[in-house]
Amino acid sequence: MTTFSTAARVPAHATAMGKALLAYASPLSLQIIFCQLTRYTPQTLATVAELSDALHRIRVRGFATADRELDPSTCAVGVPVFDTGGAAIAGIDVQVDNLERSAVEEVLPALTTAARCLGREIASPGGTSARSAHLPTAR
């Protein structure tokens, strides 16, 4: 299994969280991503057609999956976090043993609930703004 630090940058097209966000990204953002597609494992979606089809399915289903696309031993399910205006501003995912329907159905309710709560928290007065959520506080 590959271990990433909390500050690691990983390619969006090869992760469940990344694809959940890309499904709602602007056409300009997608054009940039499409120019940078890299195959990390045999399962990585590394063509514009493959990724475009996957993003369409994500918008229809409301969740994304990654099936050993970045790490050959890792599967995940991810969902976008929307702000009050309907923009995808973050994503969350969870690693699962496999992507069988029962495994996805087991985690999806908790993921979608967490995403809704996070979206409300970010939007609430005094909540964390999306821009500052990842920035260290000044000391």
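**Exercise 1. Confidence**

Over which residues does pLDDT stay under 50, and how many contacts beyond four places in sequence does the model have for them?

*Solution.* Keep in mind that this is a predicted model. Start with the whole chain: its mean pLDDT is 88, and 86% of the residues reach 70 or more. Next, look at the elements. Helix H3 (residues 48-61) has the highest mean pLDDT among them, 98, and helix H4 (residues 101-123) the lowest, 94. Then turn to the stretch in question: residues 130-139 keep a pLDDT under 50, and the model has three contacts beyond four places in sequence for them. A word of caution goes with this: where pLDDT is low, the predicted coordinates should not be read in detail.

**Exercise 2. The nonpolar cores**

Find the residues with the most contacts inside the largest nonpolar core, and work out which element gives it the largest share.

*Solution.* First, the core itself: it has 13 residues, and Phe63, Val77, Val79, Leu108 and Leu111 have the most contacts inside it. Second, the elements: strand E2 (75-82), strand E3 (88-96) and H4 each give two or more residues to this core. Third, the share: H4 provides the largest one, five residues. Finally, look elsewhere in the chain, and you will find a second, separate core of twelve residues, including Leu30, Ile33, Leu37 and Leu51. As background, nonpolar side chains tend to be buried together in soluble globular proteins.

**Exercise 3. The second largest pocket**

Describe the lining of the second largest pocket by element and by residue class.

*Solution.* Begin with the volume, about 170 Å³. Now list the lining: Gly62, Val79, Pro80, Phe82, Asp83, Thr84, Thr112, Ala115, Arg116, Gly119 and Arg120. Sorted by element, E2 and H4 are the ones that give two or more residues, and H4 has the largest share with five. Sorted by class, the lining holds four nonpolar, four polar and three charged residues. Val79 is worth a second look: this lining residue is also among those with the most contacts inside the largest nonpolar core.

**Exercise 4. The loop between E1 and E2**

Compare the exposure of arginine 68 and glutamate 69, then list what glutamate 69 touches.

*Solution.* Step one is to place them: arginine 68 lies in the loop between strand E1 (64-67) and E2, and glutamate 69 is in that loop too. Step two is the backbone: arginine 68 is not a glycine, yet its phi is positive, about 55 degrees. Step three is exposure. Arginine 68, at a relative accessible area of 30%, is partly exposed; glutamate 69, at 5%, is buried. Step four is the surroundings. Beyond four places in sequence, glutamate 69 contacts His13, Ala14, Lys19, Tyr40, Thr41, Gln43, Thr44, Leu45 and Thr74. Its C-alpha is 5.2 Å from that of alanine 14, although 55 residues separate the two in sequence.

Now follow threonine 41, in the loop between helix H2 (27-34) and H3. Threonine 41 is buried at 5%, and its contacts beyond four places are Arg68, Glu69, Leu70, Asp71 and Pro72.

**Exercise 5. Cysteine 75**

Is cysteine 75 buried or exposed, and what does it contact?

*Solution.* Locate cysteine 75 in strand E2. Its relative accessibility is 5%, under the 20% limit, so cysteine 75 counts as buried. Then gather its contacts beyond four places: Ala66, Asp67, Arg68, Val94, Gln95, Val96, Asp97, Asn98 and Leu99. Last, check a distance: cysteine 75 and aspartate 97, 22 residues apart in sequence, are 6.4 Å apart from C-alpha to C-alpha.

Key:
Residues numbered from 1 in each chain as written. Predicted model: local features only at pLDDT ≥ 70, side-chain atom pairs only at ≥ 80, totals over all residues. Heavy atoms only, no water. pLDDT = per-residue confidence, 0-100. Helix = DSSP H or I, 4+ residues; strand = E, 2+ residues; numbered from the N terminus. Contact = heavy atoms within 4.5 Å. Core = buried A, V, L, I, M, F, W, Y, C linked by side-chain atoms within 4.5 Å. Buried < 20%, exposed > 50% of the residue type's maximum accessible area, 1.4 Å probe, protein only. 1 Å grid on protein atoms, 1.4 Å probe; cavity = no way out; pocket = protein on both sides within 12 Å on 5 of 7 lines; lining within 4 Å. Points joined across faces, edges and corners; volume = space filled by probe spheres on them. Nonpolar A, V, L, I, M, F, W, Y, C, P; charged D, E, K, R; others polar.
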